[in-house]
Every structure is written in C-alpha cells, then in structure tokens.
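I opened this notebook to keep track of what I looked up, going from the symmetry of the copies to the sheet and then to a contact between chains.

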4 protein chains.
Amino acid sequence: MTESATALTVSEIEDYLREVFPQVYENGDTWIVEAVGPMTARLRLVVSDRHLRPGGTISGPTMFTLSDLALYVAVLGQIGKKGLAVTTSLTINFLRKPSQRDLVAKCRLLKLGARLAVGEVAIYSDGENDPVAHATGTYSIPPREMR
Amino acid sequence: MTESATALTVSEIEDYLREVFPQVYENGDTWIVEAVGPMTARLRLVVSDRHLRPGGTISGPTMFTLSDLALYVAVLGQIGKKGLAVTTSLTINFLRKPSQRDLVAKCRLLKLGARLAVGEVAIYSDGENDPVAHATGTYSIPPREMR
Amino acid sequence: MTESATALTVSEIEDYLREVFPQVYENGDTWIVEAVGPMTARLRLVVSDRHLRPGGTISGPTMFTLSDLALYVAVLGQIGKKGLAVTTSLTINFLRKPSQRDLVAKCRLLKLGARLAVGEVAIYSDGENDPVAHATGTYSIPPREMR
Amino acid sequence: MTESATALTVSEIEDYLREVFPQVYENGDTWIVEAVGPMTARLRLVVSDRHLRPGGTISGPTMFTLSDLALYVAVLGQIGKKGLAVTTSLTINFLRKPSQRDLVAKCRLLKLGARLAVGEVAIYSDGENDPVAHATGTYSIPPREMR
C-alpha cells in the first residue's frame, strides 16, 4: 500500500488518456481529471444534453464509463505508464436518478497488488451528498516482464 | 416464469428503443435485436471503427451498453411497454480480447418477479465459441399502480 | 436518507438476530453488534480456531456471512422489525489474507428506498488499516402492506 | 480453453477438499462432488435441518459456500493440485426461496487463463427447473514458479 506521491501528474494522465482512449473524447465529452492522490482519484464529467435521456436522467453507460475511467486513473496514478492495466470486472449499483448537473466520481483503491488492483467509486451529482451510483472494479496489472 | 409468447415483437421493441433511448443510436451505431423469446433475447452490435480501441479491441463501455440493452430487451419482451424497468445493478466480467467482428449478446432471464428481474448475458465475437464478456444484471420493475 | 436515530437499539437488534438467525449463533460464534447509527453499523466477529483454515487464514464464507449480517443489521436499524428484508444480491472482493485477529465490519447504507436498500461493507482485521474484504449488497424491503 | 480430460478425478478432488477445507465438513455437512468435466463441475449439498432458517429456507451463506466450492472444484479439475487458487471475488444473486430439498450447483468456467479463472454457477433445488441462486466468481491462479 504505497503512500508515496503519485507516479504521474494530473496533466500527464490526461495526455495519456487522450492517447490511449481517443474514443472517450471523440463526442466532445469533457472528462476532467480533477485530482490524483495516493490510492485515490477524482474525476468530473461535464454533463451536456447528449448525456441526458428522456426525463432528464443520465444514462447507465455514461456512469459505467465514468466509474471505469476513475478506477483506471487511480491505478495509473500509482503504477504509471509502464504497463496497461485492463479492467477485468466491474459491479455497478445505480442508486438514484442523477440531477442535470455534472457528475463527480470519487475513487479509492482498496488494494494495489502486483497482479491485481481493486477499487471503489462513488458517483455524485455535483454538490449533492447522496451518491447516484457506486461501483467496485478489478484491474489486471501486467506482469513486470511484459511492461 | 412465463413460458408464453413475448409481449412485444422484435420490430415493436426496436421502435420503442429508438423512442426511449435515442442516444444509443445517435452515433450511427447499429444495435440489432435479432430475436426475443420467452425469457431470452439475442442482440448484435455491428462493429465499426468507432468502437475499436488502439490494438483493435472493443471498449468495455461498449460491452457494458450491449449487456444492459440485451437485459432490457429481454425484460421488455416479457412485460411489454406498460412500465419502465430501470437497471439497478450490473456486474460484468471481461474475459477475452474481442476480435474485430460483430458482437453477439445472448441474454437469459433467471428470474422475472413482480418487482425484480434478474438475468445473465454472454457476449461473443460473432462466430466464436468462447465468450468475450459475461454480465449479470438486476432490473427494478415499477409497481402496477405506477404503470 | 434519514438522519434520525435508529429504529432499534443494539441490544434489541441482537435479541432479534438470535431469534431469526439462530444458526448464525449455533456454532458458538461470537458475532457482536458493536454500534448502529443512521445508515451505518459496525459488527465484530470474535475469531477462534474454528474459523481458521490451514495457513491461519479466515474462510471466504465466514467473511461473506459477516458482510451479509452487517448489511442486514444496518437495514434493521433503519426500518425496524416491521418487515423482513431479504438479501437479493451480494458482491464480495477478497483483498488480503486476514490476520489471526477479530474481524471488524464497517457498513454504510448507500440507499434506503421504499423497496430496495443498497450498502457497502469494509472488513478489517482488528486494528489494521487496509481492508481484507469489501462487499456491496442489495436488500429487498417488503411492501408496506405485507408488513 | 482446454477440452482435455480433467486433471483430477472426482474422488481425488473430494480427498483434497477434506484435506484443505476441513471446516467445510466439520458440521457433518454432506457436500458431494457429483461430476467434474472439461470446464464444468456439479456439486450437491445434502440439506438437513441445520441449513434451514425459520420458514424452511436455506441460508444465503450456505448458498455462497456451495457456489464458491463449485467454482473451486471446477478450477481444481482443470489445473490440479499444483497450486492453490484463491477466490478473489464472487457476486451472487438470490432468485427464489429454495425448497426443502438438496441443492444442486452446476458450474461452468467461462475463462481459464494463466492467472485468472472466471466461472458461473447456477444453484437449483433438486429436481426443479428454475435456479434459486446464480453466482459468478473469479479465482487467482498462482504463478507457475509458486506451484
């Protein structure tokens, strides 16, 4: 459980995401990495009309993408660009109808092992106290010899 | 566990999806409902360049969306348009790197209760035997008085 | 999201658990409800030889039982004995090999709706900082007319 | 995806389980490995009064234990005793109230990689068609040098 500073800065991470996940940004989405710390990350999705479903809610796949990205950023902040961690599983619970506001994802890694990282993400409508979704995910970290 | 014919036909379901999930189709995605049966559904995603990540793989969010949609279609086939089932949870395991082929999702409902439906989805690269992803999801079915 | 005092006290909850889950206690297990608060609960399992597997670790089913019980206690603290909430799903991630110490489960409800409660549990080896397991679970709350 | 015969026979697996999981058997439980095949396993729990909760239902932890054991047996059937696979995550959905009959667990591995195995389990009340529970689980397989 490293408590050291992160391996990459926020802007290094954003540059890397645009390189490896161009399709995340292709719709003009504004996914912002707000902070990366030891075993943590905070992301924001600037919500626009295109995320909204009839009734004004934000789609499940959008919240899945945000969870997955937040976990990936937290792992990246710890291990750096040396290897490509891949999502192996993700469980998401949808809790409340989100407001028509930005979504803020707060991620915390629960484990960072040599081969497996596990973390949780709570997603909030910006400025509200009760989470709209909660996810736990698992990432496979490539063996050292493959990095 | 109803074994009756489905409440809606494939084309009624596709019309309804375009009405309630316009954003699913907005990128020109071709999500095809291939079949709906008692407690089952089969969907196809016609894969194009925009789903591919560097390395030729298909993104996790794309497979999440396909799983969620397949479960929704299977529920819709059973209960019809009387109420709007909402996803309450979804667990997805990513198993293999998909080929650069269409994805086929085979969904089976495990339970269709008065308030809760539970189902599983196996996703395959078209023509292959081993699943690339597997999901289980839970849907909340609105109470009769709300329909 | 109620912030009121709990519907039942710790000792009322323990009495009720012995009544409805006698088998939890039948092996002489010491499952202790340490605290119940608004949307929270803390439980302790006094670990003895019978929970240990070869190598000194604590079994997965023991940690599952503790998670399930912690979520149930948190729900019970909110809704009281009026209805019997039943577990509908539980996802558990095993993170580290537990020490040969008591297990402490810290539970927080993420949602308490009219029909569904969702919560998370982090399990720690007593006195340690990194969780040994993490669970999220869903409970179905019986309709008012059935209570 | 090996399609070869299993690495261990049913009786070799049962002997090994009694050696590594003595506590599973300590209550006089009758956990029977009925069959092991390529990527599959079938187990039976002979249900007795001690598994029953008030109302005649079988406890969640009992079904969790059966799922976990079925997945473990299926992995063991493929990789043999060379290493100790450990459960890293398990998601279980409880679908119906089980009958007061034996439980039968049918497990199928979805993936058997060098480092990770993933499988699903459907649990039935003996002789019935609709599953009472469904689980998916992930196992970490120790690196070759540790075997």
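By what turn and what shift along the axis can chain C be laid on chain A? I found that a turn of 180° and a shift of 0.0 Å along the axis lay chain C on chain A with an RMSD of 0.0 Å, the copies being superposed by least squares on the C-alpha atoms of residues with pLDDT of at least 70 in both. The two copies are thus related as by a two-fold rotation axis. I noted that C:Thr91 is the residue of chain C that comes closest to this rotation axis, with its C-alpha at 3.9 Å.

Before going on, I wrote down that the model is predicted, so that local features need pLDDT of at least 70 and side-chain atom pairs count only at pLDDT 80 or more, while totals for chains, interfaces and linings use all residues. Residues are numbered from 1 along each chain as its sequence is written, and chains are lettered from A and ligands numbered from 1 in the order in which they are written.

**The sheet**

I next followed an open sheet of 12 strands, in the order E1(C)-E2(C)-E4(C)-E5(C)-E6(C)-E3(C)-E5(D)-E8(D)-E7(D)-E6(D)-E2(D)-E1(D), with antiparallel pairing. Here strands are DSSP runs of E with at least two residues, helices are runs of H or I with at least four, both numbered from the N terminus, and two strands pair if DSSP finds at least two bridges between them. Strand E1 (30-37) of chain C and strand E1 (30-37) of chain D stand at the edges with a single partner strand each, so one side of each is left without a neighbour in the sheet.

Within chain C, I saw that strand E3 (residues 86-94) and strand E6 (residues 133-140) pair in the antiparallel sense over eight bridges, and that C:Thr87 has C:Tyr139 in E6(C) as its bridge partner.

**The contact of chains A and B**

How many residues does each chain bring to the contact of chain A with chain B? I read 20 residues from chain A and 20 residues from chain B, where two residues are in contact if their C-beta atoms, placed from the backbone, lie within 7 Å. On the side of chain A that touches chain B, helix H3 (60-79) and strand E3 (86-94) each supply at least two residues, and E3(A) gives the largest share, eight residues.

I then looked at how E3(A) meets strand E3 (residues 86-94) of chain B, and found that five bridges join these antiparallel strands. Among the partners, A:Thr91 is bridged to B:Thr91 in E3(B).
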